[in-house]
Protein chains: 2
Amino acid sequence: MAASNSNEPRLAEVVPKQAVTKPKRKSLDGERPASLKMLADYLGLCPATVSVVLNNVPGRSIPHETRERVRDAARKFNYHPSLLARSLRKKRTFTVGVLVPELNDGYHTMVMSGIGDHLMREGYFYFSAHHRHKPDMIEEYPRLLMGRGAEGLICIDTNLTHELSVPVVAVAGHKKIPGVTNVLLDHRRAADLIVRHLAELGHKHIAFIKGQPFSADSRTRWDCITAAAKDIGIAINHELTVQLERDISSPELGYPVVQTLLQSHKHFTAIVAFNDMSAIGAIRALRDVNLRVPEDVSVIGFDDIQAAAYHNPRLTTIRQPLHDMGETAARILLQRLQGFKDYPQEFAAPPELITRETTGPANPRGRRR
Amino acid sequence: MAASNSNEPRLAEVVPKQAVTKPKRKSLDGERPASLKMLADYLGLCPATVSVVLNNVPGRSIPHETRERVRDAARKFNYHPSLLARSLRKKRTFTVGVLVPELNDGYHTMVMSGIGDHLMREGYFYFSAHHRHKPDMIEEYPRLLMGRGAEGLICIDTNLTHELSVPVVAVAGHKKIPGVTNVLLDHRRAADLIVRHLAELGHKHIAFIKGQPFSADSRTRWDCITAAAKDIGIAINHELTVQLERDISSPELGYPVVQTLLQSHKHFTAIVAFNDMSAIGAIRALRDVNLRVPEDVSVIGFDDIQAAAYHNPRLTTIRQPLHDMGETAARILLQRLQGFKDYPQEFAAPPELITRETTGPANPRGRRR
DNA sequence: ACTGTGTAGGCAAACGTTTGTCTTACGTCA
DNA sequence: TGACGTAAGACAAACGTTTGCCTACACAGT
């Protein structure tokens, strides 16, 4: 804004009462950011009038010349209103809270990036906090964030347990909670894409890696998979389903469960992983026992994280429009903050099948050992 | 040290789940959250006294019985102090700003996760903002964050241009700016590790991928590499150095520059990439012309992002202790906020060579074509 | 001369805290 | 009995805004 004033404005020159008479109180002179009151003193007006001008309050008659004087002074003293004071007075902070399990995770941060884009565009700022799936933090952080002035919350992949006193949008939230809008993937469609893709390639013996219990998507995704399999006529062998347990976001996630799967010596020609990370771990486990992907076993991931396209072989996966989902979440929250009453209770984003190199025709011999 | 008032009233925990037990609200609390004034009215005291009790202000004599009454009332009405009002009054917000180029990037978010850990532990919250390396945003966001009450700033991989009026810690910052503490990798050591490793494997013709000009580490890293090469006696062929340009964080970053490198038909047996992402892209470009890694060409990355360990082949790289660096940055900032005067002007974190599968003995024939 | 209508801007009360200073009332001491 | 100390808490002034209401004028119309 005020980039032009090369010589620093000396507020002390025009407000003699502090700087000149009391040189020892250094913190009070020029260093202190200008306030409405200082401006008003300087201009011979009262703070209210200055505020009115600077905010262009409609319905107030202030002559053009005065308005210019005020704006000049604001520029000269590099005035920035104290948002703290303003928030206190107006009871609006233009701040929301973003609650996320883990900052260092491709899924979460992709969503956050969408959230951030929309919020910044609309002039909102956000606090972020991560809880690492610890229940007491999930309980406590919303309160703290609200205490900090968050007018609403966006929770990513977080199992909320109860209603809150501010509007909430949950990304990858499934539980129906009053006041909570869920933004999630259309899991029925996603499951259909996965199972149909594998069925068309001739797979009949399919192993599944289920998500961790604490991950919000786990339950729904699995339910949809079983439903889709039933529709399409693929039998689900429960001896071929394994379950992720660890709370990490690296391929190490998928490695051990596929090892145990392999040790069971069951026949399968494809693995449906809970997400891309576990798919990558799965592929490594397969290769470590000299199984080729996709010639011997097809693997399909979920999420389409950035590593997926550059993994070797390139990972076939379901893309979630995570950035869009983040933007959508932010948009819905802001609408609700602006008093929109008939906001959607749920928003389902469309998944997309990204066919790359880790899926191929079923090998009739299945995995060899 | 924790953020001053450890006696922050933890009231909600004591209050029984309100939804179930109280269908009807008590007379006093109506709509708004309880304030000091309401409490004072209820107790027949004045707000100041209530404040004094709740904050355990030393040197005030309030009888024990009154203190209990006050605390009971606070619990009863689920009182939480307005941090907005408190901040306005005390001129402390316990909030900092975190400025980052991109939210969806392994490097940045790993650092953020360290920052977040430390800040939350100390009772601070933070605003985050991302600028995508746009100079006007880099100029504007610090102001906005300070306007929001940030008492200090942590900038990750951000080329600040000038001093700010609050304490700043720059992660991967190189420029010496008054008031800015730099937390960075010991690049001299890192460069030494890289060059020595390749030299020991017999590499003499080494190609280099330099970082983008806007990336804060680019310059220093390159300078250190050339210094180390000189020390160790490796000649740097400028026809074998290419430069990243694009502002993306996917392997696509490194792919095209290695393509051009290959088109030049120069002889080389190893590539030193600016970071892991570009290394992965480089490997793909090599494989696409049927060059094997590491048999024909060795590749070494930088950062040790999560994908590095699970890439195929596993990536040899330099690990930056990013999480630690984030924590360190936060710690230094908080120390400065608490008035520590002799904080370090610079902090260098130790790199570590992670030898995996993408580097091997130099192939005397070099790359074939 | 009186009323009405604008115009320009001041006044003061919020918003919810914190903190230094003041006032009571009571007891103790000499 | 007066001086004094002290406990218990009230008072008021901030912090920097915003906003509803008010005043003081000037001018025009009857």
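## Val180(A), a buried residue

Val180(A) has 20 other C-beta atoms within 10 Å. A residue counts as buried at 20 or more, so Val180(A) is buried. The model is a predicted one. Val180(A) belongs to strand β5 of chain A, which covers residues 180-185.

What does Val180(A) contact beyond its neighbours within four places in sequence? The partners are Leu160(A), Val168(A), Ala170(A) and Gly173(A). Asn159(A) is 21 residues away from Val180(A) along the chain. The C-alpha atoms of these two residues are 12 Å apart.

## Strand β6 of chain B

Move now to chain B. Strand β6(B) spans residues 206-210. Five of its five residues are buried, so the rest of the structure largely encloses this strand. Both of its faces are covered. On one side sit Ile206(B), Phe208(B) and Lys210(B). On the other side sit Ala207(B) and Ile209(B).

β6(B) has parallel partners. One is strand β8(B), residues 270-272, joined to β6(B) by three bridges. Another is strand β7(B), residues 241-243, also paired with β6(B) over three bridges. Phe208(B) takes part in both pairings: it stands opposite Val272(B) in β8(B) and opposite Thr241(B) in β7(B). A helix also comes into the picture. β6(B), helix α9(B) (residues 218-232) and β7(B) form a β-α-β unit, and this unit is right-handed.

## Where the chains meet

Chains A and B each bring 32 residues to their contact. On the chain A side, six elements give two or more residues: α6 (83-90), α7 (106-121), β2 (125-130), α8 (135-147), α12 (276-288) and α13 (306-310). What classes of residue make up this side? There are 16 nonpolar, 13 polar and three charged residues.

## Around the DNA

Start with DNA strand D. It is surrounded by 26 residues. The closest are Leu36(A), Ala48(A), Ala85(A), Cys46(B) and Ala48(B). Elements of chain A that give two or more residues here are α3 (36-43), α4 (47-54) and α6. From chain B they are α3 (47-54) and α5 (83-90). Which element gives the most? That is α6(A), with five residues. By class, the surface near strand D holds 14 nonpolar, seven polar and five charged residues.

DNA strand C has 28 residues around it. Ala48(A), Leu36(B), Ala48(B), Ser82(B) and Ala85(B) come nearest. Two or more residues come from each of α4 and α6 of chain A, and from each of α2 (36-43), α3 and α5 of chain B. Here α5(B) gives the most, with five residues. The surface near strand C divides into 14 nonpolar, seven polar and seven charged residues.

## How confident is chain A?

Chain A has a mean pLDDT of 88. In this chain, 90% of the residues reach 70 or more. Where is confidence lowest, and where is it highest? The lowest mean, 30, is in helix α2(A), residues 16-19. The highest, 98, is in strand β9(A), residues 298-300.

Look also at residues 1-30 of chain A. Their pLDDT stays under 50. For this stretch the model has 24 contacts beyond four places in sequence.

Methods: Residues numbered from 1 in each chain as written. Chains lettered and ligands numbered in written order. Predicted model: local features only at pLDDT ≥ 70, side-chain atom pairs only at ≥ 80, totals over all residues. Buried ≥ 20, exposed ≤ 12 C-beta atoms within 10 Å, placed from the backbone. Helix = DSSP H or I, 4+ residues; strand = E, 2+ residues; numbered from the N terminus. Pairing = 2+ DSSP bridges. Right-handed = clockwise from strand over helix to strand, strands pointing away. Contact = placed C-beta atoms within 7 Å. Nonpolar A, V, L, I, M, F, W, Y, C, P; charged D, E, K, R; others polar. Near = placed C-beta within 6 Å. pLDDT = per-residue confidence, 0-100.
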